[in-house]
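Student: I should like to understand how the descriptive terms applied to a protein model are justified. May we work through some of them together?

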Amino acid sequence: CLHQVDSTNAGRVLASDAAVFLKKSGLTDLVLGKIWDLADTDGKGILNKQEFFVALRLVACAQNGLDVSLSSLNLPVPPPRFTDTSSPLLLSGTASSDLPWAVKLEDKVKYDAIFDSLNPVNGLLSGDKVKPVLLNSKLPVDILGRVWELSDIDRDGMLDRDEFAVAMFLVYCALEKEPVPMSLPAALVPPSKRKPLSVPGAMPLIPSSAKEAHQSLPPLGILAAKTPLTQ
């Protein structure tokens, strides 16, 4: 894996080369920046072999929903996954299209009711319309920012019906004190957004405790006061 980014074979990796490689992990720039800062201990913009392996380990942690911190380095995680399947270290993954969607049908109906109440235009909600709903959850702003990043799967600055359901699912996870993952687990990617082999099958499913928590959703009134919930 190191030889792919160590163009000079000097046993070290430049920031520019590493950035191109690490972006293939599918993590956001924010998360990758944090990973780089932790791995580049002397702040010189160059990683030696040991530091590069720390970066890879942190990528694996982030992909498996763990905190990006040095304390996560000793936790057992599968190897990191990158979209470049030519690398021997990486898993090619299996098609995720067969995975059942983590958003349950009865919850989707409730999420759709909120979605429709926000007056979508051409089946899409702008960030301005979604923001008050997210803020009403009273979750920390950094968590809500991550919820938005993960749910805007096609990165168009708008949420469609399925993406909105992902956002609501993540909000409820966070309200149940479940950690919001750093990257979207395969089971949470809406079937409408799935492409064969685009999401590694090794991605973790939502923890069972999150599923249990969803069997009794808290009142949706906390999210959108004007939503007719008594129907």
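Tutor: Let us begin with Y172, which has a relative accessible area of 1%. Please bear in mind that this is a predicted model.

Student: Why is Y172 called buried?

Tutor: The term requires a relative accessible area under 20%. Y172 has 1%, so Y172 is buried.

Student: What is the relative accessible area of Y111, and what follows from it?

Tutor: The value for Y111 is 0%. That is under 20%, therefore Y111 is buried.

Student: What makes the pair of Y111 and Y172 stacked?

Tutor: A pair of aromatic rings is described by the distance of the centres and the angle of the planes. For Y111 and Y172 the centres are 6.0 Å apart and the planes stand at 20°. Pairing needs centres within 6.5 Å, and stacking needs planes under 30 degrees apart. Both conditions are met, so the pair is stacked.

Student: How do you know that this pair links distant parts of the chain?

Tutor: Y111 belongs to helix 5 (residues 105-117) and Y172 to helix 8 (residues 161-175); the two are 61 residues apart.

Student: How many aromatic pairs are found in the whole structure?

Tutor: The search finds four. One of them joins F52 and F53, with 6.2 Å centre to centre and 55° between the planes.

Student: Why is the pair of F52 and F53 called tilted?

Tutor: The 6.2 Å distance is within 6.5 Å, so the rings pair. The angle of 55° is neither under 30 nor over 60 degrees, therefore the pair counts as tilted. F52 and F53 also form one aromatic cluster with F21.

Student: Are F52 and F53 buried or exposed?

Tutor: F52 has a relative accessible area of 1%, which is under 20%, so F52 is buried. F53 has 41%, which lies between 20% and 50%, so F53 is partly exposed.

Student: What does the record say about domains?

Tutor: UniProt, in an unreviewed entry, places the feature "domain: EF-hand" at residues 27-62 and 139-174. In the model, residues 27-62 are 69% helix and 8% strand, with the end C-alpha atoms 8 Å apart. Residues 139-174 are 69% helix and 6% strand, and their end C-alpha atoms lie 8 Å apart.

Student: Where is L159, and what makes it buried?

Tutor: L159 is found in strand 4 (residues 158-159). Its relative accessibility is 0%, which is under 20%, so L159 counts as buried. Leaving aside residues up to four places away in sequence, L159 touches several residues, including F115, L125, W148 and F164. F115 is 44 residues away along the chain, and the C-alpha atoms of F115 and L159 are separated by 9.5 Å.

Student: Which elements give two or more residues to the lining of the second largest pocket?

Tutor: They are helix 3 (29-39) and helix 7 (141-151). Helix 7 supplies the largest share of the lining, six residues. Among the lining residues are L30, V31, I143, R146 and M182. About 230 Å³ of space lies in this pocket.

Student: How are the elements arranged over the protein as a whole?

Tutor: There are nine helices and four strands, running α-β-α-α-β-α-α-β-α-α-β-α-α from the N terminus. Of the 231 residues, 45% count as buried.

Key: Residues numbered from 1 in each chain as written. Predicted model: local features only at pLDDT ≥ 70, side-chain atom pairs only at ≥ 80, totals over all residues. Heavy atoms only, no water. Buried < 20%, exposed > 50% of the residue type's maximum accessible area, 1.4 Å probe, protein only. UniProt positions renumbered as here; feature names shortened; annotations may be inferred. 1 Å grid on protein atoms, 1.4 Å probe; cavity = no way out; pocket = protein on both sides within 12 Å on 5 of 7 lines; lining within 4 Å. Points joined across faces, edges and corners; volume = space filled by probe spheres on them. Contact = heavy atoms within 4.5 Å.
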